[in-house]
Amino acid sequence: DSTDTPTETGLIADAEAAFNWVTGSAVGNVPSPKLGMDRVALFGQSLGGAVAIGLTRKLAAAGKAPGALVLENTFLSTRAMAGQVFLPLRLPIVKELLRLPVVKDTWESQRRLTELAQHNLLPPVLFLSGQKDELVPAEQMMQLFAIARRGGVKAVFHKVEDGKHNDTWCVG
C-alpha cells in the first residue's frame, strides 16, 4: 500500500507489512518465519521510533500487539521537534502557525503512547536515550518514559551517557 512519496501512513503500512511477514500473517504465498506476535519486539530509532509507536497502536487496536517495544532517541511529535531543529520556529507567532493543518505528518508519539498506556495496550518498553543526542533532546525520551510508567507499563530507561543521535546503539 506504500507509494513513491513517504508519508506517516505509508511508513506505518510498510512496517506493518514487515510485521505481518515475520508473524506469518502476511497475505500471499511468501514463506515467513511465523513467529508468535508475543515473540516480536518492534525497534525504532528517532523517526523509526515514531513508526514503531504508530504501528504498535494500529496492531493493538486489531488485537495483534507485539511482545515488546524498543525506542531509541525518539521524539514526542513533529511539533515538539520543530523548534529543536529550526530555531526560527521557536518564535511564538511561528509556533501558532504550526497548529494549522499545513503539517501533514505530525508523528504524535506522545499522544499515541498515552492512549496505549491508558487502555492497557502498551507492551513492555525499553527506552534507550543518548544523553549527548544533538538532535532529539533527552528530555523528550524521559517524557515518553514517564507516560509509560504512569500507565503501569513495564518500562526501563537506559541512559547512554556518551550516546549521540546516530550512535547510541553502539556506544551503550
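**Threonine 23, glutamate 72 and the nonpolar core**

A polar contact of 2.9 Å joins the side chains of threonine 23 and serine 25. The model is predicted.

Trainee: Is threonine 23 buried or exposed, and what is its relative accessible area?
Mentor: Threonine 23 has its place in helix 1. Buried means under 20% relative accessible area. Threonine 23 is therefore buried, with a relative accessible area of 12%.

Trainee: Which residues does threonine 23 touch, leaving out those up to four places away in sequence?
Mentor: Serine 25 shares a polar contact with the threonine 23 side chain. Serine 25 is not part of this count, which leaves out residues up to four places away. The residues touched are Lys34, Leu35, Met37 and Val40.

Trainee: How far from glutamate 72 is the nearest side chain of opposite charge?
Mentor: Glutamate 72 lies in strand 2. Glutamate 72 is buried yet has no salt bridge. A salt bridge needs a nitrogen–oxygen pair within 4 Å. The nearest side chain of opposite charge is lysine 164, at 13 Å.

Trainee: Which residue has its backbone nitrogen 3.2 Å from a polar atom of the glutamate 72 side chain?
Mentor: Look at what glutamate 72 touches beyond four places in sequence: the list includes Phe43, Leu128, Met141, His165 and Thr168. One more of these contacts is Trp169. The backbone nitrogen at 3.2 Å belongs to tryptophan 169.

Trainee: Which helix gives the most to the largest nonpolar core?
Mentor: That core has 32 residues. Among the elements supplying at least two residues each are helix 1 (8-23), strand 2 (68-72) and helix 5 (109-118). The most comes from helix 2, with 7 residues.

Trainee: Which residues have the most contacts inside the core, and which of them does leucine 69 touch?
Mentor: Those with the most contacts inside the core are Leu42, Leu69, Leu113, Leu122 and Phe127. Leucine 69 also touches Ala52, Ile53 and Val125, among others. From the core group, leucine 69 touches Leu42, Leu113 and Leu122.

Trainee: Which helix do the buried residues of helix 3 pack against?
Mentor: Helix 3 covers residues 78-85. Its buried residues are Met81, Ala82 and Gly83. They pack against helix 6.

Trainee: What percentage of the residues in the protein chain is buried?
Mentor: The chain has 7 helices and 4 strands. From the N terminus, the elements run α-β-α-β-α-α-α-β-α-β-α. Of the 172 residues, the buried share is 41%.

Technical notes. Residues numbered from 1 in each chain as written. Predicted model: local features only at pLDDT ≥ 70, side-chain atom pairs only at ≥ 80, totals over all residues. Heavy atoms only, no water. Core = buried A, V, L, I, M, F, W, Y, C linked by side-chain atoms within 4.5 Å. Buried < 20%, exposed > 50% of the residue type's maximum accessible area, 1.4 Å probe, protein only. Contact = heavy atoms within 4.5 Å. Lys, Arg positive; Asp, Glu negative; His and termini not counted. Polar contact = N/O pair within 3.5 Å; in protein donor to acceptor, adjacent residues only side chain to side chain.
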